[in-house]
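Q: Could you walk me through how the parts of this protein meet? I'd like to take it slowly.

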Amino acid sequence: MKYILVTGGVISGIGKGIIASSIGTILKSCGLRVTAIKIDPYINIDAGTFSPYEHGEVFVLNDGGEVDLDLGNYERFLDINLYKDNNITTGKIYQHVINKERHGDYLGKTVQVVPHITDAVQEWVMNQAKVPVDDDKKEPQICVIELGGTIGDIEGMPFVEAFRQFQFKAKRENFCNIHVSLVPQPNATGEQKTKPTQNSVRALRGLGLSPDLIVCRSAKPIEMAVKEKISMFCHVEPEQVIFIHDVSSTYRVPILLEEQGIIKYFKQRLNLPIDDQPSDLLMKWKKMACRYERLLKVCSIALVGKYTKLSDCYASVFKALEHSALAINYKLDLMYIDSTELERSTEAENSVKYHQAWHKLCKADGILVPGGFGIRGTEGKLQAISWARTKKKPFLGVCLGMQLAVVEFARNCLNWEDANSTEFDPDTKNPVVIDMPEHNPGDMGGTMRLGKRRTVFKTENSVLRKLYGDEMFVEERHRHRYEVNPELTHCFEEKGLKFVGHDTEGNRMEIIELENHPYFVGVQFHPEFSSRPMKPSPPYLGLLLAATGTLNAYLQRGCKLSP
């Protein structure tokens with residue numbers, strides 16, 4: 001097993017996740033089996049209870065693990081399926097060690113950060129690195145490990161110490177460290193500054209790790225003189241300094257790394273049994289990146305949500321839309337609309353914001369209402385759904401978006417004026433969305449319906465079934481506490497809102513479709529989590545096809561994309 005540790009310096013959020021994913025993609029293109037582990041030094045057991053404004057979206061895995069969004073990057077880039085144990089947190093490690101201590105495994109010894117916590121980290125990494133993540137179920141050959149945060153953070157120190165020890169346990173030819181750092185360019189001088197990188201590498205060396213590659217992030221391409229300066233002051237060869245500037249799309253990053261000789265370096269440094277040239281997989285990435293940059297036709301989608309101030313809050317949704325747009329040769333124009341700005345209360349407080357939000361919604365080719373929790377912004381989402389339904393705008397509702405589509409239909413088509421979800425109004429006379437039997441209101445973490453579940457189509461006359469290739473069932477990832485009330489579904493079906501998919505027992509409503517509408521679809525699951533760059537998610541693809549007016553032609557071709 002070969003281990004590649006990716007650390008970061010100067011600032012967090014520098015792009016370690018994309019760089020780690022890109023390195024994995026390059027090595028996979030050379031015919032190697034690659035897995036990935038993300039270490040988050042926070043004390044939370046998992047990411048499940050975070051607000052999306054803390055660390056971006058909560059990504060859900062097949063096994064129900066609620067994890068950091070970087071695991072979503074690994075899955076999309078490497079086309080693998082990871083597990084919850086591929087995300088290590090301080091909370092998980094300490095819980096594991098404390099449980100062992102309570103069990104008596106340490107035989108009365110004093111339990112300390114060194115060696116007990118650091119040993120637990122190393123043991124976890126070695127065990128998880130062996131778990132197959134590809135469809136062929138073979139053991140991986142390379143494990144890319146991303147250490148979250150920044151070198152020098154107090155909370156990250158036990159992990160750095162664990163890898164300082166681990167480099168000797170694994171042996172030099174099986175372990176290498178990539179350090180990602182920032183090269184800022186102040187506007188006042190326009191000069192690219194190397195001092196932050198020098199200080200960051202010095203701090204890393206002081207903790208016992210020496211970088212084999214220094215990846216320098218910058219806004220603009222870095223000059224050769226800067227490369228030579230970093231090489232000299234950071235005690236590495238010039239070819240060990242890699243530049244990654246801001247690019248038009250993340251698909252370009254693996255290509256930038258490959259162009260700077262990273263395959264040849266890894267072959268020598270880790271003694272890998274590979275050719276110097278990448279295979280067809282990286283050529284596909286190159287073609288995809290070039291195609292992305294040449295797109296001329298634009299499709300605009302309005303994303304109506306409550307976490308719109310930070311794009312990472314809907315990272316997988318954005319990627320799923322982007323994959324679908326790319327598949328039909330359109331450039332995606334994603335317009336984020338804060339759902340509270342569509343509400344009447346905003347019109348009274350700030351009429352400019354209100355009218356701007358409605359202007360965006362009205363000019364969009366399609367409307368998407370993603371998942372979420374809590375009552376804030378729900379009235380605005382209901383307004384957007386009503387607009388999509390009455391104006392025959394293509395619409396996709398995901399999780400809460402589907403539940404609100406049912407609420408909106410109940411209020412405006414069934415005339416149940418107080419129809420609501422018990423999440424927002426526990427005393428409503430028309431509870432069209434209710435909490436699930438296994439919902440435990442006491443504990444919040446890990447108590448939802450999580451992970452991959454089967455959805456069975458109950459009719460052949462379904463747009464989504466055709467988009468999924470006329471399969472009898474699909475398996476998608478879930479993350480919800482509430483569901484459509486199964487006792488009331490017949491009232492909706494009589495008026496044209498069809499529940500075309502349900503769970504294997506037939507009790508949980510999973511997919512809705514509205515009759516006599518170009519595309520009005522709601523799904524209880526989260527299809528964005530399984531979207532891949534070369535394999536777009538069918539519900540999102542349907543939205544893009546409908547928004548561009550090409551859905552019917554696509555269905556008539558037997559769900560084949562035009563060349």
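Q: How many residue pairs are in polar contact across the interface of domain 1 and domain 2?
A: The rule finds 16 such pairs, both residues being at pLDDT 80 or more, where a polar contact is a pair of N or O atoms within 3.5 Å, one able to donate a hydrogen and the other to accept it, and residues adjacent in sequence count only if both atoms are side-chain atoms. This is a predicted model, in which local features need pLDDT of at least 70, side-chain atom pairs count only at pLDDT 80 or more, and totals for chains, interfaces and linings use all residues. Residues are numbered from 1 along each chain as its sequence is written, and side-chain values use heavy atoms, with hydrogens and water left out.

Q: And which parts of domain 1 touch domain 2?
A: Helix 2 (52-55), strand 3 (59-60), helix 3 (70-78) and helix 11 (280-294) each supply at least two residues of that side, helices (H or I, at least four residues) and strands (E, at least two) being DSSP runs numbered from the N terminus. Helix 11 gives the largest share, 3 residues.

Q: What about salt bridges, how many are there between domain 1 and domain 2?
A: The count is 4, a salt bridge being a side-chain nitrogen of Lys or Arg within 4 Å of a carboxyl oxygen of Asp or Glu. Elsewhere in the list of pairs, Glu75 forms a salt bridge with Arg477, and their closest N and O atoms are 3.0 Å apart.

Q: Where do the domains run?
A: Domain 1 covers 1-288 and domain 2 covers 295-435 + 446-555, with bounds from an automatic or database domain assignment.
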